[in-house]
Amino acid sequence: MKKLVVYYSFGGNTRSIARKIAKDIGADIAEIRTIKTYPDDYDVLVSLGKREVESGYVPQLYALGVNVQEYDEIVLGTPVWWYTYAPAVKSFLKSVDWKGKTVYPFATNGGWLGHTPSDFKKALRGATVGPILNVKFEEKTLVTPMSVIDAWIGDLK
Ligand SMILES: Cc1cc2nc3c(=O)[nH]c(=O)nc-3n(C[C@H](O)[C@H](O)[C@H](O)COP(=O)(O)O)c2cc1C
């Protein structure tokens, strides 16, 4: 079965986990990228992110570079933005027909996963959704033990 790891990452945390997963399971990997650029100033980004999440904003994305429909199993990674997946991931979720696919979500965050798991389940209607991997970082430092991440990856193989 063809496997794909798709992720969005602003600061690199989600990218580092996505790359590890893709390497460990031998999957293809693709990055979700927004056409507009987000501000580098963290405080400005955090308040802009709040407005975007609360208004349901869906940013325009660059083409992914792979055809998601060719994959049966998809690992989908996001940073948590205001207790849910990032707006870029919302755009991606809306762009795919999820029927018949199996999706394993993971979310990096600073300790407040919020309603990300149930939001994924709602957005992935028609798909089989595996248990979410919750990866905590303190800024750039991984807090969740690697053994927890490896155990979750082990179940994907
Ligand atoms: C706009 C914004 C909102 C955030 N909201 C949350 C949140 O609700 N809960 C949380 O634990 N962390 C939150 N964070 C922290 C990020 O989820 C965390 O740093 C994540 O690992 C960043 O991933 P990245 O480096 O791949 O972008 C937020 C960060 C940003 C920029």
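**Close-ups of the ligand site and the empty spaces**

**View 1. Here's how the ligand is held by its polar partners.** A backbone N or O atom of Trp112 comes within 2.8 Å of one of the ligand's oxygen atoms, counting as a polar contact (a pair of N or O atoms within 3.5 Å). Gly11 also uses a backbone N or O atom, again 2.8 Å from an oxygen atom of the ligand. With Ser9 it's the side chain that does the job: one of its polar atoms lies 2.5 Å from a ligand oxygen. On its own the ligand would expose 650 Å², and the protein buries 90% of that (areas by the Shrake-Rupley method, 1.4 Å probe). A quick heads-up: this is a predicted model, in which local features need pLDDT of at least 70 and side-chain atom pairs count only at pLDDT 80 or more, while totals for chains, interfaces and linings use all residues. Residues are numbered from 1 along each chain as its sequence is written, and side-chain values use heavy atoms, with hydrogens and water left out.

**View 2. Now for the shell of residues around the ligand.** There are 20 residues surrounding the ligand, the closest being Ser9, Thr14, Val80, Thr108 and Trp112 (a residue counts if one of its heavy atoms lies within 4 Å). Helix 1 (13-25), helix 2 (42-55), strand 3 (73-81) and strand 5 (102-109) are the elements that give two or more residues to this shell (DSSP runs, at least four residues for a helix and at least two for a strand). Helix 2 gives the most, with 4 residues. Sort the shell by class and you get 10 nonpolar, 10 polar and no charged residues (Gly counts as polar, Tyr and Trp as nonpolar).

**View 3. This is the largest pocket, and the ligand sits in it.** To qualify as sitting there, more than half of the ligand's atoms must lie within 2 Å of the pocket's grid points. The largest pocket holds about 770 Å³ of space and has 23 lining residues, with Tyr42, Val80, Trp81, Asn109 and Gly110 nearest its centre. Helix 1, helix 2, strand 3, strand 5 and strand 7 (133-138) each give two or more residues to that lining. Helix 2 has the largest share, 4 residues. The lining splits into 11 nonpolar, 9 polar and 3 charged residues. (On a 1 Å grid, a pocket is an open set of points with protein on both sides within 12 Å along at least five of seven lines; a cavity is a set where a 1.4 Å probe fits but cannot get out; lining residues have an atom within 4 Å of a point.)

**View 4. Next up is the second largest pocket.** Its volume is about 170 Å³. The residues lining it include Tyr8, Ser9, Phe10, Arg15, Glu31 and Tyr62. Ser9 has a part in View 1 too, where its side chain reaches a ligand oxygen at 2.5 Å. By class, this lining has 5 nonpolar, 3 polar and 4 charged residues.

**View 5. Finally, a look at the cavity.** Searching the whole structure turns up 1 cavity of 30 Å³ or more. The largest cavity has a volume of about 30 Å³, and its walls are Lys3, Ile25, Glu73, Ile74, Val75, Tyr104 and Leu156. Strand 3 supplies the largest share of that lining, 3 residues. The lining has 5 nonpolar, no polar and 2 charged residues.

Technical notes
Polar contact = N/O pair within 3.5 Å; in protein donor to acceptor, adjacent residues only side chain to side chain. Points joined across faces, edges and corners; volume = space filled by probe spheres on them.
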